Amino acid sequence: MKTGYLAIMRRTLVQLASRPLYWYAIIVLPLLLFAFFTSELEEGLPVKAPAGIVDNDHTSMSRRVGRNLDGMQLVSLTKECDSYSDAMDALRKGEIFGFFLIPENYEADLLSGRSPVISFYTNMTYFIPGTMLYKNFKTTAVYTKAGVVMNVVQSATGAQADQVMPLINPVNIQAHPIGNPWLNYAYYLASSFIPGVLQLMIFLVTAFTICDEIKRGTSVRLMRMARGSIIRAVTGKLLPQTLIWVVIAMFMEAWMYGFNHFPIYGSLFWMTVSTLLFVAASQGFSLLVCCLLPNLRLSLSVNALMGILSFSIGAFSFPVSEMYGAIGIFSWIIPVRYYFLIYITQSLDAMPLYYSRCYFAAYFAFITAPLLMLWHLKRYYRRPVYEP
């Protein structure tokens, strides 16, 4: 029996080549999901969310409100409902994501100085389109009333528009979004979801590779090939996969910054270093779980759970500071969190490397942490007992 690193690596490559499951998990599925997320967010942000309108006034002013609403970038008035009940039915069926309700006597109340109540409803089950519709509905309602007030004041006083506007809008706001001035959702959602997918697949494949040896009872032969060294056995098992994951990760980087033109204001070199360390850190996290739970079912379950939860607790779209403490703490024990923070500091904000030093140190913590628990995995590798 041949022993040493090369013999173990050749054995691992034969296993990878002989089981189509590995090729689907390592190559096919990640690439398909990369394309899926970028194509879904190709427009940059949701546009023309279907909405409805209930016009109970049927006047020129209410029709103008409908035209203004339909002309907004994020709204598409696809349904004109006769009543509140019809609009709610369409909302529940998923035909629209929200509707705008104009009350009776809307124009008469406005012109007479009374305050009509405009209502709008959004389905927040679909958070992004619901939020976008809410924002546009509110903007339409506010500016419609402001326009009416301007007309009334001009008619009563004879003032010009530039004299009335400071009274209606005394403070002008200039917004300067830093790092993402286009407000492009892909630049922070796809840039977090795509590495999150890669991390999830690394978690699962690493756990399957390590614990499948125990399940099949082949870990004893592996330890003989490693001459009793668990470090040599694990390194030989994971290194071929690491090389393949590195190629996939480099493609991921080229896919984001090259093909899809994600912004890179800072150092591409340090982002590349971050990507390479991210692959090793993800393998280290999964290996640590396998050391603590050397059981195929349990290790796969825990890795899958943490990989899926990364999309929510990774704080890509919801800040850790606003999470419950018992939940927010989990965001700091997943590698993709640090990849995202480095992406923000190095790619979007172009900050000096000094401000990312702790995030790079976290990568090394993930890589070295399994060394403390390999002795536990070694016991199971020497005496494999499959526990279903």
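Helix axes here are lines fitted to C-alpha atoms over the stretch in contact, and angles between them run from 0 to 180 degrees between N-to-C directions. Keep in mind that this is a predicted model.

**Exercise 1.** Work out how α2 and α10 run relative to each other, and what kinds of residues make up their contact.

*Solution.* Start with the geometry: α2 (residues 20-40) and α10 (residues 230-259) have axes 11 Å apart, at an angle of about 10°. Angles under 35 degrees count as roughly parallel, so α2 and α10 are roughly parallel to each other. Next, look at who meets whom. On the α2 side you'll find, among others, Tyr22, Ile26, Leu31 and Phe34; α10 brings residues including Ile244, Trp245, Phe251 and Trp255. Finally, sort the contact residues by class: 14 are nonpolar, 2 are polar and none is charged.

**Exercise 2.** Do the same for α11 and α14.

*Solution.* The axes of α11 (residues 268-292) and α14 (residues 335-348) come within 9 Å and cross at roughly 170°. Over 145 degrees counts as roughly antiparallel, so that's the label for α11 and α14. In this contact, α11 residues such as Trp270, Met271, Ser274 and Phe278 meet a set in α14 that includes Val336, Tyr339, Ile342 and Tyr343. By class, that's 10 nonpolar, 5 polar and no charged residues.

**Exercise 3.** Zoom in on Ser274: is this residue buried or exposed, and which residues does Ser274 touch?

*Solution.* First place it: Ser274 sits in α11. Its relative accessibility is 0%, so Ser274 counts as buried. Then list the neighbours, leaving out residues up to four places away in sequence: Ser274 touches Tyr339, Ile342, Phe360 and Tyr363. Tyr339 and Ile342 also turn up on the α14 side of the contact in Exercise 2.

Note on methods
Residues numbered from 1 in each chain as written. Predicted model: local features only at pLDDT ≥ 70, side-chain atom pairs only at ≥ 80, totals over all residues. Heavy atoms only, no water. Helix = DSSP H or I, 4+ residues; strand = E, 2+ residues; numbered from the N terminus. Parallel < 35°, antiparallel > 145°, perpendicular 65-115°, else oblique. Contact = heavy atoms within 4.5 Å. Nonpolar A, V, L, I, M, F, W, Y, C, P; charged D, E, K, R; others polar. Buried < 20%, exposed > 50% of the residue type's maximum accessible area, 1.4 Å probe, protein only.
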